[in-house]
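The following exercises concern ligand surroundings and a chain interface. Each task is followed by a solution in steps.

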Amino acid sequence: MIRIRFHGRGGHGVKTASRILGTAAFLAGFETQDSPVYGAERRGAAVTAFARISETPIRERGMIAQPDLIVLADDTLLNDPAAGVLVGQETASAIFLNAADPAPLVAQYHIAPPARAFDVTARTRELLGRPSALSAGVASAAAKLCGCITEANLEAAVREEFSHLAVSPDAVTKNVEIALSVFAALEPAVLSDVPRAATAEMARVPYVDPVLGASTVYNSGNAEQRHTGAWRVERPVIDAGLCTRCGLCFVECPDGAMSLDATGLPLVDYDHCKGCMICSHVCPVDAITHQPETAAW
Amino acid sequence: MSRQLLTGNAAAAWGARLADVDYIPAFPITPQTEIIETLAAWSQAGELPGRFVTFDGEHSMLTAAGAAAAAGARTFTATSSQGLLFGMESLYTISGWRVPLVLVNVSRGLSAPITLGPDHNDVLAARDAGFVQIHAETCQEVLDSILMGYRIAEDRRVSVPVLVNLDGFYLSFTREPVDVPDEAAVREFLPPFDFEHLGFRASRPIAQGVAVLEGATYSHFRYQMHRAIQNAAAVHAEATVEFSRLFGRSYAAIEQYRVEDADTVLVMAGSFAAKGKAAVDQWRADGRRVGLLRLRVVRPFPAAELAAALSGRRAVGVIDQNLSPGVGGIFCQELAAALYSVPDRPPVLRSFVTGLGGKDISQSEFDHVLSVLDAAQSGDPVTDTELLMTAAEWQQVQGRLASARRPVEDNAPLPTDSDDVRAAVRAEFEDARGGVS
Ligand code: SF4
Ligand code: SF4
């Protein structure tokens, strides 16, 4: 069995990528299974999806803690421990990185499995004229690394999955082109068997005081510990020279992620700014510009 | 027949579509919503002749489902978790009307705390509601059980609603290959709904669900439901034979996996049984004689089949994905009762609970279960249900608890004496009234 785990952000299309891979493997005659994990979060938040491909019936379900292949659509997720990109990397046979050159990422994040890379974002920009959902390119990388899926299976799967989405025939053709170029550029991974997980120690859960025995948060204001800024797709940047200190953006920010300094200049709390860009929209003098937050888009 | 990749939710929608249902009362809830979205899209595209109607909540949705079935409409509806509990009064009501329909529940843990992951406490809260209850392990079984469900529900020996359960996420959002049967073959398996006995016509008014204030007469009606659900065992077995002839797939009330020569047997239900089978495969590869029984039909409880299958085994471990506080795992209790009068019953029976709120079960936890069963002896003192959790998971839980606690330095002393509390509230109240008396 090959276990594949995809990581991206809401909007990157990793759920669609897992479906394209699942469909391609299904068309290739394998037993397959694909599934996403949904949380209570949103566009820009970390998203994980899974696929399993096997010659025999699949007796596993749900999350994959020990993947054979890790497929990463956005390398900024390596900064977010909660995204868990490298969980189980010790036994993975390969990792795919959406980047032109994997070497700096491998060094910086101590990536253990052999890394394969392709700049899916650049290719998507080139063909579609804008950074868009990366599903076709990312699915294609996974399909090639698996080594058991043909180009024809992949193309049919991209067409099939895009037929369920509201996309123009031209966009489907271009996505097929993206998929095929990624497929041609990569080599299959050398897959090794994941060894059986070591036996984990078991816990005995005791009775605890109701203060800890009910889901009550006594530490009010602890939402601050959750850095929702990680969901941001675009970063608002204020030009202090243009800003007239009118304070409108500060009032309109729905997340309370702005404060004013002594001169009335708004400051953004980037740990909690979700990048909705309402501040930029309301600014009468266009002093707030948008900067892409992740290289993947 | 076509083989397609379908989520459990899509498989449920296909079940309703192939059953050619007339009426679909609907209300959304995660993780069920995809079922009614799929049916709504087909309805709008003109591919589903049945009437699709949205409701203001599950209580009215289920009441409408029962009323429609009483009027002779083949009815399908679906819910999950809080929705099932919100509709609980209607569940008992419509089964008491003895109307056939199929209700799909997509399992999700109950509030509080509110959650999204699956366990079986929602569907087992409905175990006494007078529904036949079937738990699916795969997306294929979801579709097939809905078709079988109508055949069982509409049989005059049964004539109660059927509830088909699938696990949220692990089935609802997971795609896997599913054989979608041809409509013609389904027509053969499932003839049109013969509702003559239900009697209701606009031209022939009847009073349904009338008050019965005599205990003896009331007892008669409730006992009839018990007999009806017991009859469903034979009707299910007949339906299985016919289903297997037409579609090549066969479902017993309990699925027996590698139990032939097993001295130790696990008992599980739902999609997590697949993980149990993988554990059995590992142990078998290590030369251990272990098997697994999966409870598929939960009501009627397959007591005789379980007794026959477990008679003569050394040890049985029930892994419940539910928890009855103060008792433990529900299926273990029901199984213990079924085994009581078996002369050669297994000397060791242990209860384990895991998978609550969708918590995964690792091979380590299965290994632990096996080691507990291996060490257990006949005549051991009665043990409590064991909650399966790894030390690493427990450590993570403790981290969450720590972040929810008030930092100690912020703990302003609160009035503890009840007189002080009353005085403080009174002062605040007077303040708010501006001293006007
Ligand atoms: S982008 Fe949105 S969240 Fe961020 S500072 Fe502007 S208004 Fe606030
Ligand atoms: S709305 Fe524009 S001009 Fe006004 S305070 Fe914000 S950045 Fe400055």
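**Exercise 1: The surroundings of ligand 1**

Task: In this predicted model, list the residues around ligand 1, state their classes and locate the ligand.

Solution.
- Step 1. The residues around ligand 1 are A:Pro236, A:Cys253, A:Pro254, A:Asp255, A:Met258, A:Cys273, A:Lys274, A:Gly275, A:Cys276, A:Met277 and A:Cys279.
- Step 2. Sorting this shell by class gives eight nonpolar, one polar and two charged residues. Since Asp and Lys count as charged and Gly as polar, A:Asp255 and A:Lys274 belong to the charged class and A:Gly275 to the polar class.
- Step 3. The site of ligand 1 is the largest cavity.

**Exercise 2: The surroundings of ligand 2**

Task: Which cavity holds ligand 2, and which classes make up its shell?

Solution.
- Step 1. Ligand 2 occupies the second largest cavity.
- Step 2. Its shell includes A:Cys243, A:Cys246, A:Cys249 and A:Cys283, together with A:Thr244 and A:Gly247.
- Step 3. Nine residues of the shell around ligand 2 are nonpolar and two are polar, with no charged residues.

**Exercise 3: The interface of chains A and B**

Task: Describe the interface of chain B and chain A by its contacts, buried area and salt bridges.

Solution.
- Step 1. On the chain B side 42 residues make contact, and on the chain A side 34.
- Step 2. The two chains bury about 3400 Å² between them, with 55% of it on carbon and sulfur atoms.
- Step 3. Six salt bridges are found across the interface. One salt bridge joins B:Arg175 to A:Glu161, with the closest N and O atoms 3.1 Å apart.
- Step 4. Polar contacts between chain B and chain A number 15 residue pairs, both residues being at pLDDT 80 or more.

Key. Residues are numbered from 1 along each chain as its sequence is written. Chains are lettered from A and ligands numbered from 1 in the order in which they are written. This is a predicted model: local features need pLDDT of at least 70, side-chain atom pairs count only at pLDDT 80 or more; totals for chains, interfaces and linings use all residues. Side-chain values use heavy atoms; hydrogens and water are left out. A residue is near a molecule or strand if one of its heavy atoms lies within 4 Å of it. On a 1 Å grid over the protein atoms alone, a cavity is a set of points where a 1.4 Å probe fits but cannot get out, and a pocket is an open set with protein on both sides within 12 Å along at least five of seven lines; lining residues have an atom within 4 Å of a point. A molecule sits in a cavity or pocket if more than half of its atoms lie within 2 Å of its grid points. Contact means heavy atoms within 4.5 Å. Buried area is the accessible area (1.4 Å probe) that two parts lose on being put together, summed over both. A salt bridge is a side-chain nitrogen of Lys or Arg within 4 Å of a carboxyl oxygen of Asp or Glu. A polar contact is a pair of N or O atoms within 3.5 Å; within protein, one must be able to donate a hydrogen and the other to accept it, and residues adjacent in sequence count only if both atoms are side-chain atoms.
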